[in-house]
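Please open the model in your viewer and keep the selection tool at hand. The tour proceeds by selections, each followed by a short account of what is found there.

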Amino acid sequence: MNRIVAPRLEVRKQLINLGAEADLHHALDLLGQVKTGLQGDMLRFYRPEPTVAFGQRDTRLAGFSAAEQASRDNGFMPAVRRAGGRAAAYHQGTLIVDHIQHENDSIAGAKGRFGFFGDLFTQALRSLGVDAGVGEIPGEYCPGEFSVFGRSASSSVKLVGTAQRVVAGAWLFSSVIVVENSAPIRKVLVDSYAALELQWDPATAGAVEDLRPGLSVEDVEAAILAVYAKHTELFES
């Protein structure tokens, strides 16, 4: 099997938010820089402003404008991502990990990356005592075959959603990990999905701390870096 992760990755921790849409677009700017060799392979970590990131399909629904307003009413900025999927919500209690890597044949390994990174985040969460697994939960928001979920005695909640963008010569794999304060995310998704007239089960929206109280975004970031370190050399510039 071909190596998925580059031998060396720069870890870049973004401490200042650019804004909901600007942070999404910055990932694409970095993807272009990696593609052309202006930037080396990298991991970008940041805690986003409250955002509802709608998928392209959402914009074509009759209730999209109402869904945007529902986001604003809940204190979340609506934005449209270029990747597929349905609406996902996040705020500063979440961690976004953008893995951006040069690859001559970037399309060939696209499907395999979903499985690899699903396992990577599952390992990181399990190291923190979370009963985590990979797979779609019935009724989850922004459903995906490689979502990472956490289990309690009575239910399962989605913890990590992933998306990928592939261009000639490079790829971007973006993951959103909900760690703290799930209630506002659940509320804005309830209102936004209602406006879009999309069915889902609000009980599937949760956070890492719902399953392991006391865990923080910093804890999850450290656990992810520890798993990455098994696959590659990490450095900060």
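**The sheet**

Begin by selecting β3, β4 and β5: these three strands form an open sheet in the order β4-β3-β5, and their pairing is mixed. Please bear in mind throughout that the model is predicted. The strands at the edges are β4 (77-80) and β5, each of which pairs on one side only. From one strand to the next, the twist averages 25 degrees.

Strands of a sheet are held in pairs by backbone hydrogen bonds, in either a parallel or an antiparallel arrangement. Which sense applies to β3 and β5? Select residues 51-54, which make up β3, together with β5: the two strands pair in the antiparallel sense, over three bridges. Within this selection, highlight Ala53 and Ala88; Ala53 stands opposite Ala88, which belongs to β5.

**The helices on the sheet**

Next, add helix α3, residues 64-73, to the display. This helix packs on the sheet, where it touches β3 and β4. The direction of α3 makes about 160 degrees with that of β3.

Now add α1, residues 20-36. Helix α1 lies across β3, β4 and β5, and runs at about 30 degrees to β4.

**The largest pocket**

Where is the centre of the largest pocket to be sought? Select Arg81, Ala83, Thr162, Ala163 and Gln164, which lie nearest that centre among the 39 residues of the lining. The space in this pocket amounts to about 740 Å³.

To view the surroundings, colour the elements that give two or more residues to the lining of this pocket: α1, β2 (42-46), β5 (88-90), β6 (94-102), β9 (156-167) and β10 (170-178). Of these, β9 gives the most, with eight residues. By residue class, the lining of the largest pocket comprises 22 nonpolar, nine polar and eight charged residues.

**The largest cavity**

For the last stop, select Gly19, Ala20, Asp23, Leu24, Tyr46, Pro48, Glu49, Thr51, Tyr90 and Ile96, which line the largest cavity. Its volume is about 30 Å³, and the count of cavities of 30 Å³ or more comes to one.

Which element gives the largest share of the lining of this cavity? It is α1, with three residues. The residues of this lining divide into six nonpolar, two polar and two charged. Helix α1 may thus be viewed again in this setting, having already been seen lying across the three strands β3, β4 and β5.

Key. Residues are numbered from 1 along each chain as its sequence is written. This is a predicted model: local features need pLDDT of at least 70, side-chain atom pairs count only at pLDDT 80 or more; totals for chains, interfaces and linings use all residues. Side-chain values use heavy atoms; hydrogens and water are left out. On a 1 Å grid over the protein atoms alone, a cavity is a set of points where a 1.4 Å probe fits but cannot get out, and a pocket is an open set with protein on both sides within 12 Å along at least five of seven lines; lining residues have an atom within 4 Å of a point. Grid points are joined across faces, edges and corners, and a volume is the space filled by probe spheres set on the points. Helices (H or I, at least four residues) and strands (E, at least two) are DSSP runs, numbered from the N terminus. Ala, Val, Leu, Ile, Met, Phe, Trp, Tyr, Cys and Pro count as nonpolar, Asp, Glu, Lys and Arg as charged, and the others, Gly among them, as polar. Two strands pair if DSSP finds at least two bridges between them. Axes are lines fitted to C-alpha atoms, for helices over the stretch in contact, and angles run from 0 to 180 degrees between N-to-C directions. Contact means heavy atoms within 4.5 Å.
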